[in-house]
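Welcome! Please have a look at the structure below before reading on.

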Amino acid sequence: MHKVIFDTDPGIDDAMALLFLHRHPEIDLIGVTTVFGNAPIEITTRNALYLGEAWNIPAPVAQGAGHTFDPARGGSYWPTAIHGHNGIGDVPVPEAVSRTADPRPAYQFIIDTVRAHPGEVTLIAVGRMTNLALVLKHDPDVAALVKQVIIMGGAFDINGNVSPAAEANIHGDPEAADLVFTAPWRVVVVGLDVTMQTVMTSGFLAEMVAGGRADIKLLSDISQLYIDFYKSRVGDGMVVHDSCACVYLVRPDLFKTRSGPIRVVCGGIADGQTIQKPDGRGFPPGPWDGHPSQLITTDVQPDGVLSTIRAAL
Ligand code: BDR
Ligand code: CA
């Protein structure tokens, strides 16, 4: 069983990933931590609690960061055209959710949980890297106790999605991401290079809905705005960014990877750009030197990812 803490900003594709982690038979979802991103922190936390309640997910939810790691960075923008004003496609959510969040901030929840299960916990982060950066700030020794960190974020050999250089999760907090990539833990990055290839068509989703399950119906309702947004970009269907990162945990064989230290551009016109220096490539001394090699995913078998999601859901 893979013990997982899911760090997320629900978020429509986050919602699918949450259901995947909950239902996959080899995954033990032991915590959900929230971060700002697709919506403000109060909303992403409310959504995590609401989905947890609607889908009977026993994992506790701890609220995380509501702003960037470096407070000097300006305010955030909310991608309402993609995720709606309420973060889950403007499907009505009850104002009050009866579940409540864990009293600890997300970084403390992660520290305590990893220390309780040294070497066993995988962190899957599919929003801004702020909570993970706060873990490193408050308890740097925890890095050595984490099994691996799987991240949805970045764009390496292709354009970003919020600028030609940057992907949203990294662009939303570049300083945090740079800390996370250069820390002494094992990181695997599932970026746009592969997630943009994993498109779930509306027919595929409709087939799952036809199974008659209420949880899939809610997921499908939530997803309609997102599918509309992606129409002009990928044709019919939704890009399942966050689920793709979760699938890496159980089916790494579906991905090609490349190893090398990763840095993030912090500021300027390429703010939030992720750059990997491939291992074995000779360059003059530079900002990559002295940092650990991490894995990025460079290619994927999309059909394998989609069938893994369907089988779990
Ligand atoms: C990432 O940004 C968010 O909008 C999605 O939930 C995903 O984590 C894709 O760039
Ligand atoms: Ca996300």
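Here is a short tour of two helix regions and a ligand site.

This is a predicted model, in which local features need pLDDT of at least 70, side-chain atom pairs count only at pLDDT 80 or more, and totals for chains, interfaces and linings use all residues. Residues are numbered from 1 along each chain as its sequence is written, while chains are lettered from A and ligands numbered from 1 in the order in which they are written.

Helices (H or I, at least four residues) and strands (E, at least two) are DSSP runs, numbered from the N terminus. Let's start with H2, residues 41-54: its 14 residues reach 20 Å from first C-alpha to last. Eleven of those 14 residues are buried, so H2 is largely enclosed by the rest of the structure. Here, buried means that 20 or more other C-beta atoms, placed from the backbone, lie within 10 Å of the residue's own. Among the buried residues are Ile41, Arg46 and Tyr50. They pack against the elements in this table, where packing means C-beta atoms, placed from the backbone, within 7 Å.

| Element | Residues |
|---|---|
| strand E1 | 2-8 |
| helix H1 | 12-23 |
| strand E2 | 27-34 |
| strand E3 | 61-62 |

Just after H2, asparagine 56 takes a positive phi of about 55°.

Now for the ligand. Around ligand 1 there are 14 residues, of which Gly11, Asp13, Val126, Ala168 and His241 come nearest; such a residue has its C-beta atom, placed from the backbone, within 6 Å of the molecule. H1, H6 (168-171) and H11 each supply at least two residues of this shell.

Methods. Expected span 1.5 Å × (residues − 1). Buried ≥ 20, exposed ≤ 12 C-beta atoms within 10 Å, placed from the backbone. Contact = placed C-beta atoms within 7 Å.
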